Structure formats: structure tokens, C-alpha cells
Amino acid sequence: MIAADTAPTQAELLDFVRRTAADHDLIASLPLDPEGRTWVRLEGPGGSEAWLIGWPPGTGTGWHDHAESVGAFLTASGELKENALAARLPADGWKTLELSEGVDRKRRLTAGQGRAFGRHHVHEVLNESLTEHAVSVHAYYPPLPQIRRYSRIGQVLRLESVERPADWQ
């Protein structure tokens, strides 16, 4: 249990998404749209922001980070793929970066599998299935101040836009 005046740790966020994903009634209650992702905001632990997200076949987030927030996510049903960068990016003051060789990390997350991550974690999450929806649970602390979106061609990462909470809530 998290004290009211204590920020949740990455491990506590991962525990929360794991417990939430095990709530089969909650997972089944998410409306699934064949055309686009669906989401429902949840009450996260210790003032964190949490989401239940439905992923139709062939959808993904594109490259992004969660700024100063730490987080965790877990696949509740189906399978998701995460492509991530094992590199610390500068927080501000850049538009284009040449990435070093060997920074790419890929993982498949089937139902019950998830991960925690630190600040400035750059990744994309995909449902590569051609036929099956996936559902996942996500939690972030502090609540997302912004999401930075990137494009990537080869080893070049380019900052494309910055979204604020009003853009997705």
C-alpha cells in the first residue's frame, strides 16, 4: 500500500497494473473499436494517472516518451510489442538526434507480461496482430505533464510535437 504523501515507485506502479489487469470483469468492460484505440481513465495509486487501453489489430502509438513521469504497463489480453531506446535523451533543446548503433530494444508482451520504466523512456507500443485486439493497463507518476512525439528514420530521431493533457483527456 502506498502512503498518501509518498510518490509510487516504478515497482508499485507495476504491481498496480498487474493487479488491475487480473480484474477480468474490468478488462471485459472496455469497449473495443475495430478502427482505433479506446481508453478509460482509472484511479491510480498515490495520485498516479492510470489508463485501460484497447488496441485493435495493426495499431500503435508511434515513438513517444512520457517526459518526467515514471511508469509501468502490462498486457491484460492479446499481445503487444514494445520497441524502445536504451539511451538517455536530452530533456530539452534539440529537434533531431543521431542515435548510436545498438540502442534498440524489442520485447513482446503477452497477457500477464509488463514492464516498468523511468523518466524520458522513449518507446513505441504496437499490436501487430492481424486479427486480435489487445488490452493493456498503464500507470504514470506524476500524472503525465506532456507526451513528446517523435518520428524515426533509420538512426535519426526527430521531435515532431509535444502534447499536453488537454490534448488527450
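**Helix α1, the nonpolar cores and the salt bridges**

In helix α1, the residues L13, L14, F16, V17, T20 and A21 are buried. These residues share one side of α1, because the arc they cover around the axis is only 160 degrees. Such a pattern fits a general feature of helices. With 3.6 residues a turn in an α-helix, residues three or four places apart point the same way. The model described here is a predicted one. In this model, α1 runs over residues 10–21 and has 12 residues. From its first C-alpha to its last, α1 reaches 16 Å, close to the 16 Å expected at 1.5 Å a residue. The partners of its buried residues are the helix α2 (24–29) together with β1 (38–43), β2 (49–55), β4 (70–77), β8 (114–117) and β10.

The packing around α1 leads naturally to the nonpolar cores. The largest nonpolar core holds 17 residues, and V17, I27, L52, V135, V137 and A139 are those that touch the most other members. Two or more residues of this core come from each of α1, β2, β4 and β10, and α1 provides the largest share, with 5 residues. The surroundings of I27 are worth a look in the viewer. With residues up to four places away in sequence left out, I27 touches T20, A21, L52, A76, S77, V135 and V137. Among these contacts, T20 and A21 belong to the buried set of α1, while L52, V135 and V137 are listed with I27 among the core members that touch the most others. A second core, separate from this one, has 12 residues, including L80, A134, Y140 and I147.

Charged side chains add a further set of links. Across the whole structure, a search finds 11 salt bridges. One of them pairs R148 with D65, with 2.6 Å between the closest N and O atoms. This pair links distant parts of the chain, as R148 lies in strand β11 (residues 147–153) and D65 in strand β3 (residues 63–65), 83 residues apart. Both R148 and D65 are buried.

Strand β5 takes part in two further salt bridges described here, through K81 and E82. K81 pairs with E128, and their closest N and O atoms are 3.7 Å apart. Because K81 sits in strand β5 (residues 79–85) and E128 in the loop between β9 (123–126) and β10 (134–141), the pair ties together parts that are 47 residues apart in sequence. K81 is buried, at a relative accessible area of 15%, whereas E128 is partly exposed, at 38%. K81 and E128 also belong to a network of salt bridges in which E79 and R108 are linked with them.

E82 forms a salt bridge with R107, the closest N and O atoms lying 2.9 Å apart. Here strand β5, which holds E82, is linked to strand β7 (residues 104–110), which holds R107, and the two residues are 25 residues apart. E82 is buried, with a relative accessible area of 0%, while R107 counts as partly exposed at 32% relative accessibility.

A last point concerns R158, which lies in strand β12 (residues 156–163). R158 counts as partly exposed, at 39% relative accessibility. Apart from neighbours within four places in sequence, R158 is in contact with K95, T96, R149, Y150 and S151. Between R158 and P143, 15 residues apart in sequence, the C-alpha to C-alpha distance is 24 Å.

Note on methods:
Residues are numbered from 1 along each chain as its sequence is written. This is a predicted model: local features need pLDDT of at least 70, side-chain atom pairs count only at pLDDT 80 or more; totals for chains, interfaces and linings use all residues. Side-chain values use heavy atoms; hydrogens and water are left out. A salt bridge is a side-chain nitrogen of Lys or Arg within 4 Å of a carboxyl oxygen of Asp or Glu. Helices (H or I, at least four residues) and strands (E, at least two) are DSSP runs, numbered from the N terminus. Buried means under 20% relative accessible area, exposed over 50%, partly exposed in between (1.4 Å probe, protein chains only). The expected span of a helix is 1.5 Å times one less than its number of residues. The arc is that of the directions from the helix axis to the C-beta atoms. Contact means heavy atoms within 4.5 Å. A nonpolar core is a set of buried Ala, Val, Leu, Ile, Met, Phe, Trp, Tyr and Cys residues joined through side-chain atoms within 4.5 Å.
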